[in-house]
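Student: Could we go through this structure together, one question at a time? I would like each answer to come with its reasoning.

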Amino acid sequence: MALDDRKRAFKVVGTRVPRPDGIDKVTGRALYGADMSAPGMLHGAILRSPHAHARIRAIDTSRAEALPGVKAVVTSADFCRAKHSFNQDALDHCMAREKALYDGHAVAAVAATSKSAARAALELIAVEYEVLPHVTEIEDALKPDAPVVQEDRRARNAPEGTHPNVTHVVSFGHGDLEAGFARADRVIERSFRTAATHQGYIEPHACLASVTPDGRGELWCCTQGHYYVRELCADFLGMDTSQLRVTASEIGGGFGGKTTVTIEPVALALSRKAGRPVKLVMSRDEVFRASGPTVSSWSDIKIGMTRDGRITAAQAMLRYQGGAFPCGTVELGAMSAFAAYDLEAVRADGINVMTNRPRQAAYRAPGAPMAIYAVESTVDELCQELGLDPLEVRLKNAARKGTKSAYGPTFDDIGLVATLEAAKAHPHYAAPLCPNQGRGLSCGFWFNFGGNTCVTLNLDADGTVGVTEGNPDIGGSRASISMMAAEELGIPYDKVRTIVADTASLGFNDVTDGSRVTFAVGLATIEAARDMIRKMCARVAKIWDIDEEAVIWEDGCARPAGPNAGDFEPMSIAEIAAIANKTGGPIAGHHEVNADGAGVSFGVHLVDVEVDPETGHTKILRYTVFQDAGKAVHPDYVEGQMQGGAVQGIGWALNEEYIYGEDGRLQNPGFLDYRIPVASDLPKIDTVILEIPNPGHPYGVRGVGETSIVPPLAALSNAVARAIGARLHELPMSPPRILQALKG
Amino acid sequence: MQFAAPRSASEAAALLQAEPGDARVLAGGSDLLVQMKSGALRPDLLVDIKRIPGLDAITAEDGGFRLGAAVPGARLGEHAGVRALWPGVVEAVELIGSTQVQGRATVAGNLCNASPAADAVPALVAADAVARVFGPRGERDCPVSDIPVGPGRNSLAKGEFVASILLPARPKRAADAYLRFIPRTEMDIAVASAGVSLVLDEDGRCTRARIALGAVGPKVLLAEEAAHCLIGTKLEDAALAAMAEACSALASPIDDKRGTVAFRKQVVGVLAKRAAKIAQDRAGGTK
Ligand SMILES: Cc1cc2nc3c(=O)[nH]c(=O)nc-3n(C[C@H](O)[C@H](O)[C@H](O)COP(=O)(O)OP(=O)(O)OC[C@H]3O[C@@H](n4cnc5c(N)ncnc54)[C@H](O)[C@@H]3O)c2cc1C
């Protein structure tokens, strides 16, 4: 669906209206995953492997089953075989089958009449493990004698002799690399490492499942995509999807980590076996050990540059691990690594390696931050060596309309140059710095996504409008969607209410991910509103007894036009609604689409840091985010996304990491030692929204949710490098590492 | 599990003594309840000491202050006398957790929990505070540095508990300070820490110094050699450098998820140096 041709003056879009879920959320009335209960409900609990890698020889559940209050115990034997290997991996992650593949891997679950009975029952389940050698680091998993995490999962396109832990081999690029590097005045090659980080959402996974003896199921859960949860759970339980209704609760953060299933199939299996509703709530410890962190990475980058700052060739070798299962995230890393640059010769290769860690889940722009960190750090080091301004070098090499991107497609209208120019013109870029301070810059990129979307608008008898959509609202999308409906219908924002419907109420909706909701659901809402307008005009044409084409919609009213202009008083939406029962019955608008044209998004981040030379502590002094939003429907929420991504990236850059012991067990499964930033660690994150309309959306909207986590890693690394005069090539840049680098 | 909230110290001691299994004192619960929730501890008996008359009072005594074992940390900062006399102890307590945590957490609990990283402890040791221990055989006084013996272990005998802590009187031109290093700015656990208490003469020369280090050994360390480096000096750069070096040399930390040996050894000296400067400033030594 293309950008509307007419230049329009928006009335609602672009304003900062109150969010409809605000009062419920600040007063504690909002219902999250763990807030739903049912009569006769049981409490579930999950037994998890203490071993990083172990064959499950036997599980004896008899003593647990005999404990008073225990109503069901399930293991992998209680699930069906999944339709295909990707789904089977998702199921095996929820419940180990032949082997426990990581510390915290679920091996059995119980449902009992109380939480204490459930916990007591876990201790009575006897699991006979054969402990196997384990591997948690990428380099170790690639060694010839490394334990094989899962047999027969080697990438089909892998060259002869590739390690069986390598599950994906990808390559992108174009041009003659050798000739490119030959033309450079300076070529550098560097290796980088990034740790696995967790999405760190406040709300642990939680659900309430109920399966009746006639095979129908109800599931209430905290998820980014209840339709996808339905598909997976129905597959694992052998149900028809139509018989399983999934309702999404309010969600306390997801950031990609709630785009798949974790405990939901287990709750359903327990409920089916017990014949009663079952609630399952993960502890924080379980969230860290068994729900998706992002990938960790080990990458090599080679870039050649001329004395005046033109990149002549660029090459990347990315190695990601995404846990104990095949994981395609490296492909997105290889595609995005050089997306910000207009390059004649470029190549990005990537492999994915299995390790004994939990199955990674998407985390905001999955795969891009670690690749772009490595690239943007290398570009910065070249700028330092050649004495060039890092912003001018980015401008000189920036991808723009017509650039053949490193991953293949040719870019349409994109906002990178405008974003860089905005950063250059901003006072932040020229502000003075003191000793031990440094300024870092990085570009970031994300593809964005559209996908399957289905929206219904219902006109109520009083002329107000209900919007029914199917994507959990993580970032304020109910407000943005109401705004677009109001804009299109020409009515005030507070005359529209948007709800997130259950899976039985609408056709399939893709997951809330890929920064897709404001774009795709917005687009479908606009189309559904236009559908409703056509129907309203037709009703009015009937009343006036004129041609349908002679009725137009303006400012919330049907007006006679063309040959009939001025013949009748305009009819408002309320007037049309009031007599709908006499003109043909209820009026609704509907649209379904598999939306493409999401439009890529670029961002530029600027950060100033001060490093304490005696302790290695990094303080963030100033931070500015510049990002192209296409059209900012609700600027507060756009800024919120830009700030939130920056903050998560700051945590990733400075302190967050999964730390595994020699025993293969996660050492920091809690917020004390898994250090996300606290409010007092941060300055106000300033934001500059650019609006370069996306040609693929009627209002020009682009997704904004993910790009913002991409630049902080390199921006921070570049700032620290300039503050201390030494460069770290590994994240997080924790104080011990910085102090070590200072000592040289 | 049994829960008791006795109304007298002797009743508390008797209950603790009589329980054959694991009996625990419950003060603010900000360590104990967390340990119980995680499954690390499963006590048979909890003895809540908050209802014992007098234990929730801060009382003046011989120019110093006696802190009852049930006084939540937040009350120290609200007490002008304690603030003025031992600002380093107060700043250490005010680093514990958050405002909410300080509303529950006690100084005695911080001490008895015996975490090597406990924030109040180095400040108490630098202040030469004395714990009054109540037990089945009555009361005894014990230097605070002798209460913790190793991670999670204290020297209290069966039936004993800390009833109060005395922050002693202090001469004029004296002050203390406490600093810790955490990667973030709050809600974190000390990777290394230092409490410093100084007494200066009319000239601003240091006549007495006590330096205590946290999170760099199995329990709080009293850095006597380091303290000696300051005696007779006005904390000139050379004296401070020697003191920092002595702290680093004394420190015997471990490598763990929170920091490395090399990092902790260096940073503990830096903290002691910076804390000493603050204490000097507070004692009027830089004027
Ligand atoms: C979110 C959070 C953040 C925290 N941050 C910090 C921090 O920054 N720095 C820090 O040092 N600590 C921190 N703590 C730990 C804790 O708050 C402190 O150690 C606190 O001082 C403990 O006091 P309490 O009264 O709560 O002790 P409790 O939990 O009641 O007791 C702790 C232990 O000491 C024993 N005990 C308590 N009182 C006595 C007594 N009078 N006699 C004998 N034994 C006794 C108990 O049996 C128990 O074993 C934090 C805790 C939380 C939950």
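**Reading the predicted model**

Tutor: Arg154(A) counts as partly exposed at 38% relative accessibility, where partly exposed lies between buried, under 20% relative accessible area, and exposed, over 50% (1.4 Å probe, protein chains only). This is a predicted model, in which local features need pLDDT of at least 70 and side-chain atom pairs count only at pLDDT 80 or more, while totals for chains, interfaces and linings use all residues. Residues are numbered from 1 along each chain as its sequence is written, chains are lettered from A and ligands numbered from 1 in the order in which they are written, and side-chain values use heavy atoms, with hydrogens and water left out.

Student: How far apart in space are Arg154(A) and Val353(A), C-alpha to C-alpha?

Tutor: Arg154(A) belongs to the loop between helix 5 (138–141) and strand 7 (166–174) of chain A; helices (H or I, at least four residues) and strands (E, at least two) are DSSP runs, numbered from the N terminus. Although 199 residues separate Arg154(A) from Val353(A) in sequence, the distance between their C-alpha atoms is 9.2 Å.

Student: What end-to-end distance do the C-alpha atoms of helix 16 of chain A show, and what should its 28 residues span?

Tutor: The expected span of a helix is 1.5 Å times one less than its number of residues. For helix 16 (residues 517–544) of chain A, with 28 residues, that rule gives 40 Å, which agrees with the distance between its end C-alpha atoms, 39 Å.

Student: How many of the 28 residues of helix 16 of chain A are buried?

Tutor: Helix 16 of chain A is mostly covered, and the number of its 28 residues that are buried is 23.

Student: Is Asp547(A) buried or exposed?

Tutor: Just after helix 16 of chain A, Asp545(A) adopts a positive phi of about 60 degrees, and Asp547(A) sits in the loop between that helix and strand 20 (551–554). The relative accessible area of Asp547(A) is 54%, so this residue is exposed.

Student: Which class does Asn448(A) fall into, buried or exposed?

Tutor: Asn448(A) is placed in the loop between strand 16 (437–446) and strand 17 (451–459) of chain A, and its phi is positive, about 70 degrees, although it is not a glycine. With a relative accessibility of 9%, Asn448(A) is classed as buried.

Student: Where does the ligand lie with respect to domain 1 and domain 2 of chain B?

Tutor: The ligand is surrounded by 31 residues, the closest being Val25(B), Ser30(B), Asp31(B), Thr106(B) and Asp119(B), and a residue is near a molecule if one of its heavy atoms lies within 4 Å of it. Domain bounds come from an automatic or database domain assignment. Because domain 1 (2–48 + 56–167) and domain 2 (174–282) of chain B both give residues to this shell, the ligand lies between them.

Student: Which element of chain B gives the most to the shell around the ligand?

Tutor: Strand 2 (23–26), helix 2 (32–37), helix 7 (107–112) and strand 10 (161–167) of chain B each contribute at least two residues to the shell. With four residues, the element that gives the most is helix 7.

Student: How much of the ligand does the protein bury?

Tutor: Oxygen atoms of the ligand make polar contacts (pairs of N or O atoms within 3.5 Å), including one of 2.8 Å to an N or O atom in the side chain of Asn110(B). Taken alone, the ligand exposes 980 Å², an area from the Shrake-Rupley method with a 1.4 Å probe. The share of that area buried by the protein is 87%.

Note on methods. Polar contact = N/O pair within 3.5 Å; in protein donor to acceptor, adjacent residues only side chain to side chain.
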